[in-house]
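Hi,

Here is the structure I promised to pass on. Please have a look, and then read on for my notes.

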Amino acid sequence: PHKIILDTDPGIDDAMAIFFAFQSPAIEVLGLTTVYGNVPVTMSAQNALRLCDLAEVDVPVTQGVGLPWVGPESTYAHFVHGDNGFGDIPVAPPKRQLDPRSSAQFIVDTVKAQPGEVTLVAVGPLGNLALALRLEPELPKLVKQVYIMGGAAFVKGNVTPLAEANIWNDAHAAAIVFGADWELTMFGLDVTYDIPFAPDFVDILAEKNPVLGGFVRDSSQFYMDFYSQGLPQRVCYFHDAFPLAYLIQPELFKFTRGHARVGVDTLDRGQTSLAPEGSTMSPLWLDAPQINVATQVDHAALTQLFIDTYAN
Ligand code: BDR
Ligand code: CA
């Protein structure tokens, strides 16, 4: 199986993605590292423990950065994920305990123990990855690859017309992560906003897996209220599960490659923009590392993969 560290801010689609990873025989989760984002970091960490309780999975869970690299405390996405991060359904206090290390330290320790084998999958703001790069400058040589849910290269953002939430929430950290010399693949709104999931999808997850799918169905009702505003039908988006689906079934996705920059100024904050490989654009972009950007995904096959994996 693919060994991963899953960096997350649970979060409803984070929960759906974490369970998906736990359920897949193709993925071995070495730990959950948490970050602020949808909720404050203390809640994010406790929520990750709660998800491990529900899944009865014992993996290290760490608490990470609670503030952006630059600037004041973030605003959280309670209007999307509810006050408790899980659509305000009742949740029990966690039984499991946090690993005492910071998320960045856990990433460095784990990657160093298995050089070349660990994939970092980050589905929240990128502060933990940026801090890990500062703690261990050799990190890019030691990780296998980095997959992120975040950004919007060819479509509009969801916080500003230019920026997606995970990148917007810590644009300076994202600029560090995008600027590092490692193999980075971005699953942004280009693909995740392309597939609306309707209530019957979460009903099927609940039927296949009453505990984990049931939790996704119940918590995502609030999430659907948010995403369905002004629409004739109820829908929501399971952004964070996409990079994991790619690990399991890479043939479902199509990509483009280019030199990427992350905006950190007031108006372009969090923008992820790409100069195509081999283009004649300015060195301002062509000097930046190249990344892979997911641009297309097979909807039907992806939906079936989620269902089959929850049924495991
Ligand atoms: C991203 O922002 C968060 O609200 C979701 O969990 C996802 O990681 C989508 O823009
Ligand atoms: Ca997330």
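Over residues 4–302 the chain is 38% helix and 18% strand, and the C-alpha atoms at the two ends of that stretch lie 20 Å apart. UniProt, in an unreviewed entry, lists those residues, 4–302, as "domain: Inosine/uridine-preferring nucleoside hydrolase". Please keep in mind that this is a predicted model. The protein averages a pLDDT of 97, and 100% of the residues score at least 70. For the complex, the predictor gives an ipTM of 0.98 and a pTM of 0.98.

You will probably want the ligand first. The shell around ligand 1 holds 15 residues, and the closest are Gly11, Asp13, Ala165, His239 and Asp240. Two elements give two or more residues to this shell, namely helix H1 (12–23) and helix H7 (165–169). Sorted by class, the shell has 6 polar, 5 nonpolar and 4 charged residues.

Gly11 deserves a second look. This glycine is in the loop between S1 and H1, and a cis peptide bond joins Pro10 to Gly11, with omega at about -15°. Gly11 is also among the residues closest to ligand 1, so please check that bond if you rebuild anything there.Strand S1 itself (residues 2–8) is largely enclosed by the rest of the structure, because 5 of its 7 residues are buried. S1 has partners in two strands. With strand S2 (residues 27–34), S1 runs parallel and is joined by 7 bridges; in this pairing, Ile4 has Val29 as its bridge partner. With strand S4 (residues 118–122), S1 also pairs in the parallel sense, over 5 bridges, and here Ile5 stands opposite Leu120. Helix H1 belongs to this part of the picture too: S1, H1 and S2 make a right-handed β-α-β unit.

Further along the chain, strand S7 pairs in the antiparallel sense. S7 (residues 253–262) and strand S9 (residues 290–297) are linked by 7 bridges in that sense, with His259 opposite Gln290. Another 5 bridges join S7 to strand S8 (residues 272–276), and these two run antiparallel. In that pair, Arg261 stands opposite Ser273.

Next, some backbone angles. Which residues have a positive phi without being glycine? One of them is Glu56, with a phi of about 55°, and another is Asp88, whose phi is near 60°. Glu56 is in the loop between helix H2 (41–55) and S3. It counts as exposed because 9 other C-beta atoms lie within 10 Å of its own, and the cut-off for exposed is 12 or fewer. Asp88 is found in the loop between H3 and helix H4 (103–113). With 14 other C-beta atoms within 10 Å, Asp88 is partly exposed.

Finally, there are three glycines that I looked at for their surroundings:

- Gly64 is in the loop between S3 and H3. Is it buried or exposed? Gly64 is buried, because 28 other C-beta atoms lie within 10 Å and 20 or more are enough to count. From Gly64 to Gln105 the sequence separation is 41 residues, and their C-alpha atoms are 9.0 Å apart.
- Gly71 is in the loop between strand S3 (61–63) and helix H3 (78–81). Gly71 counts as exposed, with 12 C-beta neighbours inside 10 Å, a number that still falls under the "12 or fewer" cut-off. The C-alpha atoms of Gly71 and Ser273 are separated by 22 Å, and the two residues are 202 residues apart along the chain. Ser273 is the residue that stands opposite Arg261 in the pairing described above.
- Gly214 is in helix H11 (residues 212–227). It is partly exposed, with 17 C-beta neighbours inside 10 Å. Gly214 and Ser44 are 170 residues apart in sequence and 20 Å apart in space, C-alpha to C-alpha.

That is what I have for now. Write back whenever it suits you.

Best wishes

Definitions and conventions
Residues numbered from 1 in each chain as written. Chains lettered and ligands numbered in written order. Predicted model: local features only at pLDDT ≥ 70, side-chain atom pairs only at ≥ 80, totals over all residues. pLDDT = per-residue confidence, 0-100. Near = placed C-beta within 6 Å. Helix = DSSP H or I, 4+ residues; strand = E, 2+ residues; numbered from the N terminus. Nonpolar A, V, L, I, M, F, W, Y, C, P; charged D, E, K, R; others polar. UniProt positions renumbered as here; feature names shortened; annotations may be inferred. Pairing = 2+ DSSP bridges. Right-handed = clockwise from strand over helix to strand, strands pointing away.
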